[in-house]
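Subject: Structure for your review

Dear colleague,

I am passing on the structure we discussed, and my notes follow directly below it. Please read them alongside the sequence.

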Amino acid sequence: MPHTVYSSGLELSSRRLILAAVLAALAVPVLAWAGTANLSPAGEVPSNAWRDRGDAPDSTADDSSDSENAPPQGEAADDTETKDWPNPLPQRVLPGRLDEARELMAKRRWGDAAPMLKALLNERPGSVRIALDLSRALMELGQREGAMGALAPLVAMSPGPMRDLVTRRLAVLSEVFRTNDDYQAYQDALNLLVAGKPKEGHERFAKLLKREPAHVRVLLRNAQCLFQSGETAEALDALQTAHKLNPMDAEVNVWLGHALAQSGRVPEGLKLLQDSTASGRDSELAPRWYAEALLTQRQRDRAVEVLTADIDKHPLHLSSLTFLADLRAGDFGTGSKSLWQARSDLQLALSRFQDYQSERTRPSASEPEWIPWAPQQVRLEIDELLGRVESRLNARGSTTSPAPKPH
């Protein structure tokens with residue numbers, strides 16, 4: 001499918017900008033979510049940003065990543081409030097150096113606290129508690145990359161509730177902007193991307209990355225601009241950087257998988273696209289691109305299975321339905337059966353098109369997946385393919401669909 005652009009949720013983004021301006025004028029915290037992030041009136045990340053988001057409980061609570069969950073003999077249990085944790089977890093008092101580091105944090109002496117926390121994390125690399133404290137201290141110092149680097153390794157090391165906690169904190173760090181001006185600059189660049197001006201969008205995103213280095217959402221959008229401009233190698237570099245910072249970002253993983261497949265690194269791309277398709281997330285891109293990558297490996301039957309399963313689960317994924325029809329229309333040597341199946345798929349796609357278009361243009365509470373083809377482009381592909389299929393059926397003199405086989 002040719003790459004075009006589509007502005008899903010653009011009306012909502014415009015309303016966010018207006019709301020941000022109003023709230024800034026009233027001197028109250030602004031919710032700026034490229035996703036969503038708490039910003040102070042001055043644009044600085046407030047010290048309680050993580051609590052305001054509700055994504056992380058009090059990091060004085062100890063983690064459950066250690067093999068022993070009960071407090072060691074001779075140590076009193078930590079009386080920290082834990083009601084906000086995903087599940088109540090046993091607590092313990094860590095050595096006095098952590099208490100000292102937390103005292104420094106309470107005094108907002110981030111530069112003094114960070115080295116102590118780094119040393120503690122080196123001693124206990126699986127400690128979510130220490131990593132959360134360190135990520136906050138580094139973020140307050142403007143060191144986003146270090147803050148995310150402290151957390152990213154814990155995704156694979158932590159058990160269920162703690163893994164969810166780390167994932168949520170990474171999502172916040174991936175998307176929070178330090179100033180209102182940077183958030184507005186992001187929106188301006190994003191509008192250029194969805195308006196079909198990827199080169200201009202890339203210029204804006206590149207400038208923004210100088211002020212907001214290691215910002216995963218900006219890296220992703222910049223990579224999409226580069227990909228749309230044909231700069232696949234540069235796009236791949238940006239996506240790999242974003243993935244290293246936050247290996248759990250779903251949209252980054254889909255685009256990285258596609259970029260790897262397009263760059264000839266098909267096995268790596270297939271793994272990411274397979275995981276993205278199986279994740280249960282409602283991504284229109286993942287199954288389509290996964291099927292395309294499977295075809296390059298001559299796994300046509302598997303590609304058909306992927307597309308069929310996606311359509312069954314997400315009836316409005318018309319790009320999958322159209323691609324499936326295209327595959328069936330390309331089956332030669334099987335008489336007219338595959339052509340009739342393709343024709344049926346395309347007629348079904350036409351019947352669902354209005355609902356598909358409405359779904360794509362409905363404002364979303366969060367920034368939706370950016371899809372590089374517009375609903376009109378999907379409709380054009382359906383019409384063109386249906387015309388070819390019907391012409392072939394007419395040329396074969398097949399004017400009625402085959403009767404169903406008796407049971």
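Helices here are DSSP runs of H or I with at least four residues, numbered from the N terminus. This is a predicted model, in which local features need pLDDT of at least 70 and side-chain atom pairs count only at pLDDT 80 or more, while totals for chains, interfaces and linings use all residues. Residues are numbered from 1 along each chain as its sequence is written, and side-chain values use heavy atoms, with hydrogens and water left out.

L348 lies in helix α18, residues 337–361, and it counts as partly exposed because its relative accessibility is 32% (buried is under 20%, exposed over 50%, partly exposed in between, with a 1.4 Å probe and protein chains only). Its C-alpha atom is 9.8 Å from that of P315, which is 33 residues away along the chain.

Helix α14 covers residues 266–278, and its end C-alpha atoms are 18 Å apart, in agreement with the 18 Å expected for 13 residues at 1.5 Å a residue (the expected span being 1.5 Å times one less than the number of residues). Its buried residues are V266, G269, L270, L272, L273 and S276, and these pack against α12 (232–245), α13 (250–262) and α15 (285–296). Just after α14, G280 takes a positive phi of about 90°.

In the loop between α12 and α13 sits D249, which is buried at a relative accessible area of 7%. Leaving aside neighbours within four places in sequence, D249 is in contact (heavy atoms within 4.5 Å) with V216 and R217.

With best wishes

Key: Helix = DSSP H or I, 4+ residues; strand = E, 2+ residues; numbered from the N terminus.
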